[in-house]
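Let's take a walk through this fold, from the sheet outwards to the side-chain details. Have the viewer open and follow along.

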Amino acid sequence: MADTGTRHLLDALYQDGLAHDAAQEDRLLRRRNLEPEAAALLSVVLQSMRATTMVEIGTSNGYSAIWFASALARRHGRLLSVDVDASVQAQARTNLEAAGLAATVELRTADGGAVLAELPDAGLDVLFLDSERPEYPGWWPHPVRVLRVGGLLAVDNVLSHPGEVAELRALVERSAELESTVVPVGKGLLLATRLAT
């Protein structure tokens with residue numbers, strides 16, 4: 001990410017998120033931002049894929065959305081970021097505006113699984129899951145169905161919370177439509193690409 005102003009904003013948001021989470025006892029009220037190393041890796045992957053269509057489930061304060069939108073904007077792409085909490089999406093909107101990326105992102109306050117179920121077949125380059133992990137298996141098979149051939153499913157926290165993603169990982173590994181790996185960056189990223197079948 002070449003934009004120094006955006007980098008400074010991201011650094012400030014990440015540090016603020018760490019301080020906020022350390023003081024917040026309720027896990028559901030924490031920001032739980034994607035780690036910078038994982039965000040940077042996904043940014044490079046998005047650009048190497050020449051991605052233009054992406055959905056993120058789990059907006060928080062917009063930290064990861066800024067990373068993704070910065071990468072997508074290089075090819076005039078769009079990000080749909082979904083969260084059930086309107087207040088965090090309001091924070092995300094403010095932060096995206098500060099980064100000059102509001103026009104690249106649609107923020108939608110809705111249930112992630114419901115949004116996935118309504119998306120068309122094979123329409124996405126990338127789907128990123130960073131939400132309530134125990135819900136993911138109930139969204140199956142939509143995380144695969146919505147990806148184009150060669151598209152990427154990315155899931156955060158697979159090493160930090162292995163029990164909560166075990167069922168999803170089993171679904172991914174059993175799928176003949178996916179090839180996957182786990183990258184030990186940040187809190188662990190599951191990356192799976194949709195194969196031509």
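A word on burial before we set off: a residue is called buried under 20% relative accessible area, exposed over 50%, and partly exposed in between. Alanine 122 has a relative accessible area of 41%, so it is partly exposed. Keep in mind that what you're looking at is a predicted model.

Start with the sheet. It's an open one with 7 strands, ordered β3-β2-β1-β4-β5-β7-β6, and the pairing is mixed. At the edges sit β3 (105-109) and β6 (178-183), each of which pairs on one side only. On average, neighbouring strands here are turned by 15° against each other, ignoring direction.

Now zoom in on the β3 end. Strand β2 (residues 78-83) runs parallel to β3, and 5 bridges join the two. Aspartate 83 stands opposite threonine 109 of β3. Helix α4 packs on the sheet here, touching β2 and β3, and its direction makes about 165° with that of β3. That helix covers residues 86-98 and contains alanine 90. With 38% relative accessibility, alanine 90 counts as partly exposed. Its C-alpha atom is separated by 9.5 Å from that of serine 60, which is 30 residues apart from it along the chain.

Another helix to look at is α2 (residues 36-49). It lies across β1 (53-57), β4 (124-129), β5 (147-155), β6 and β7 (189-194), and runs at about 175° to β5.

What fills the interior? The largest nonpolar core has 35 residues, and Leu42, Met54, Ile66, Phe68 and Phe128 touch the most other members. At least two residues each come from α1 (4-23), α2, α3, α4, β3, β4, β5 and β7. The largest share, 8 residues, is supplied by α3. Take isoleucine 66 as a sample: leaving aside neighbours within four places in sequence, it is in contact with Thr6, Leu9, Leu10, Leu13, Asn95, Leu96, Ala99 and Leu101. There's also a second, separate core of 24 residues, with Val115, Leu127, Leu147 and Val165 among them.

Stay with isoleucine 66 for a moment, since a polar side chain comes to meet its backbone. The side chain of serine 70 reaches the backbone oxygen of isoleucine 66 at 2.8 Å. Serine 70 belongs to helix α3 (residues 63-73), and its 14% relative accessibility means that it counts as buried.

Next, some backbone oddities. Most residues other than glycine have a negative phi, and most peptide bonds are trans. Which residues go the other way on phi, although they are not glycine? Arginine 50 is one of them, with a positive phi of about 60°. You'll find arginine 50 in the loop between α2 and β1, and at 52% relative accessibility it counts as exposed. Alanine 122, from our opening example, also has a positive phi, of about 55°. Its place is the loop between α5 (112-118) and β4. As for the peptide bonds, a cis one joins tryptophan 140 and proline 141, with omega about 10°. Proline 141 sits in the loop between α6 (136-139) and α7 (142-145).

Finally, the charges. Side chains of opposite charge can pair when their charged atoms come close. How many salt bridges does the structure hold? There are 7, including the three that follow.

In one of them, the side chains of arginine 145 and aspartate 121 meet at 2.7 Å, N to O. This pair links distant parts of the chain, 24 residues apart: arginine 145 is in helix α7, aspartate 121 in the loop between α5 and β4. The arginine is buried, at 18% relative accessible area, whereas aspartate 121 is exposed at 54%.

Glutamate 177 and arginine 194 meet in another, at 3.0 Å, N to O. Here too distant parts of the chain are linked, with glutamate 177 in the loop between α8 and β6 and arginine 194 in strand β7, 17 residues apart. Glutamate 177 counts as partly exposed at 28%, and arginine 194 as buried at 17%.

Glutamate 173 and arginine 169 pair up within a helix, their side chains meeting at 3.7 Å, N to O. They are 4 residues apart in helix α8 (residues 162-174), so about one helical turn separates them. Glutamate 173 is exposed at 53% relative accessibility, while arginine 169 is partly exposed at 25%.

Key
Residues are numbered from 1 along each chain as its sequence is written. This is a predicted model: local features need pLDDT of at least 70, side-chain atom pairs count only at pLDDT 80 or more; totals for chains, interfaces and linings use all residues. Side-chain values use heavy atoms; hydrogens and water are left out. Buried means under 20% relative accessible area, exposed over 50%, partly exposed in between (1.4 Å probe, protein chains only). A polar contact is a pair of N or O atoms within 3.5 Å; within protein, one must be able to donate a hydrogen and the other to accept it, and residues adjacent in sequence count only if both atoms are side-chain atoms. Two strands pair if DSSP finds at least two bridges between them. Axes are lines fitted to C-alpha atoms, for helices over the stretch in contact, and angles run from 0 to 180 degrees between N-to-C directions. Contact means heavy atoms within 4.5 Å. A nonpolar core is a set of buried Ala, Val, Leu, Ile, Met, Phe, Trp, Tyr and Cys residues joined through side-chain atoms within 4.5 Å. A salt bridge is a side-chain nitrogen of Lys or Arg within 4 Å of a carboxyl oxygen of Asp or Glu.
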